[in-house]
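These are my notes from a first reading of the structure, kept in the order in which I looked things up.

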Amino acid sequence: MRKLAIGTLIGLAAASIGAATPADAAAQPHLDRLVKLKDIRRHQKDLQTIATYNGGTRAAGEPGFEVSTKYVVSRLRKAGYRPTVQDFPFDYYKEKTPSVFDRPGGAKYVYGTDYATLDFSGSGDVTATATPVDPAGAGVGSGCEAADFTGFPKGNIALVKRGGCNFSVKVGNAQNAGATAIAIYNDGASPERMGPVQGTASTPWQIPVIGPTYQLGTDLVKEAASGTLTLHVKTDTFSEQRTAHNVIAETKRGRADNVVVLGAHLDSVTAGPGINDNGSGTATVLTIAEQIGKLGKGIKNKVRFAFWGAEEEGLLGSEYYVAHLTAAQKAQIALNLNFDMLGSPNGVRGVYDGDDSQGAGTNPPAGSGAIEKVFLDYYGKRKLATSPSEFNGRSDYGPFIENGIPAGGLDSGAEGLKTEAEAKTYGGQAGVAYDPCYHQACDTYDNSNNTILDQLADGAAHAAQVFAGSTLPVNGARVAAPKTARAHVQHAPTGRALS
Ligand code: DTR
Ligand code: ZN
Ligand code: ZN
């Protein structure tokens, strides 16, 4: 009998961190079992339908995003929440027709193979002499300093090498110097930096901005340096300010001063429906929201669900959200969990490297390592291998960690290539992208590894349950101290204030 009681307590310790009583343990269902793949796939199917009937995309500023927002709001209401919709402005951009790049009377370059158009390129039809700008990259990068354009012949097309500063800095300097177009070619600094430059110039510009491959760019620079090179660039783009939204909802139960934020971005890129990126995270967080009420008194800390808008435009929704919190509201957030790309077809089980054990120099806020450990312990127990995912801020946890809020999360990989070692561990194909449909039209309902999606959703649900119960190892918050002790803490504080 006694032995049995101890056994129960040990079982409990795996699901929660301290402070629970055996009575809680008996009542606790397991959220990872309540969050079912079938429900996640249903949401993904609905998001696919929304995209299919709205021009094939759910990108911010498009009808497919507006309908996706309404979908999440209505599902949350149905689940008993009172969701709020937070609007924010952003610069909408689209390329109306694919750009043209050629040599008058000569070679025609292939869009998507030889070059790409950068986001926020202006429109134009320019035939002019090409001038290499600081091709050796003296000082900081090529075209990063206004001085790089000293003597630049007004009206010419600037040939600039990638690297050293944001694309927008190079474009701004070129435009100021009187360039009629700018080609920012790749720098060949790594295998991923050989192809066409697919990037964003951040804000709308007047002049066309294209990104040739490393090979084409260096060839053009050579030619321009040894004689006169005439190029033709034509772009047809559109930009205006539009409104995007975050959808936020939270549990009624739980401490309001120690909130666990679970987030996923709701938007896709313009190229496709975004059912893995990020219908998978959206559907998982939504399903957790639908099921978490079954934990009842197991919810000691409020759980807030966030469906971010315009992540693909540069984490705009999460940035706006964090920037518009008061200092007091910020202090009430215990941690952020982020779920972006959970079902990559050639994926891995990635856990954000919150303690930077890989030595990437990411300097995560204290507590992020404890979050990582909750995921690692969970998969360790299930004897499922995981891989550290660089904690580089490339998704919506970025604005949280920048504000010192500990964060963590899961992902199955994006455009990176699966290694031989990963193929041995997880199956799939080495040398092929984790998600071969990343940011493409083929990121549909069928673009999913349901085994990995199921396992990552389990981990997400487990972590949500653990932190709804206690965030003690992450931020030192102790759930519901006994009343007498609380009264004692309220008077006669000593030493330095903590908040
Ligand atoms: N932010 C993602 C892609 C992405 C790239 N690296 C990571 C790491 C962890 C999560 C996501 C990602 C996108 O939405 O495109
Ligand atoms: Zn994406
Ligand atoms: Zn994403």
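Before sorting residues I fixed my terms: Ala, Val, Leu, Ile, Met, Phe, Trp, Tyr, Cys and Pro count as nonpolar, Asp, Glu, Lys and Arg as charged, and the others, Gly among them, as polar. I also noted that this is a predicted model.

Entry on ligand 1. With those terms I divided the shell around ligand 1 into four nonpolar, three polar and six charged residues. There are 13 residues around the ligand, and I listed E311, D340, R394, Y438 and H439 as those that come nearest. I then looked up polar atoms: the side chain of E311 places one 2.9 Å from a nitrogen atom of ligand 1, while oxygen atoms of the ligand lie 3.1 Å from an N or O atom in the side chain of H265 and 3.2 Å from one in the side chain of E312. On its own ligand 1 has 370 Å² of accessible area, of which I found 92% covered by the protein.

Entry on the zinc ions. For the zinc ion (ligand 2) I recorded coordination by D277 (OD), by E312 (OE) twice and by H439 (NE2), at 1.9 to 2.5 Å. I called the arrangement irregular because its six donor atoms subtend angles of 55 to 155 degrees. The zinc ion (ligand 3) is 3.5 Å from the zinc ion (ligand 2), and D277 coordinates both. I traced D277 to the loop between β8 (255–265) and α8 (279–291) and H439 to the loop between α13 (420–426) and α14 (450–469), 162 residues apart.

Entry on exposure. Is D277 buried or exposed? I noted D277 as buried, with a relative accessible area of 3%, whereas H439 counts as partly exposed at 28%.

Key. Residues numbered from 1 in each chain as written. Chains lettered and ligands numbered in written order. Predicted model: local features only at pLDDT ≥ 70, side-chain atom pairs only at ≥ 80, totals over all residues. Heavy atoms only, no water. Near = heavy atom within 4 Å. Polar contact = N/O pair within 3.5 Å; in protein donor to acceptor, adjacent residues only side chain to side chain. Areas by Shrake-Rupley, 256 points an atom, 1.4 Å probe, with all protein chains shown as cover. Donors = N, O, S within 2.8 Å, 3.2 Å for Na, K, Ca; no water. Tetrahedral: all angles 85-135°; square planar, octahedral: opposite > 155°, others 65-115°. Helix = DSSP H or I, 4+ residues; strand = E, 2+ residues; numbered from the N terminus. Buried < 20%, exposed > 50% of the residue type's maximum accessible area, 1.4 Å probe, protein only.
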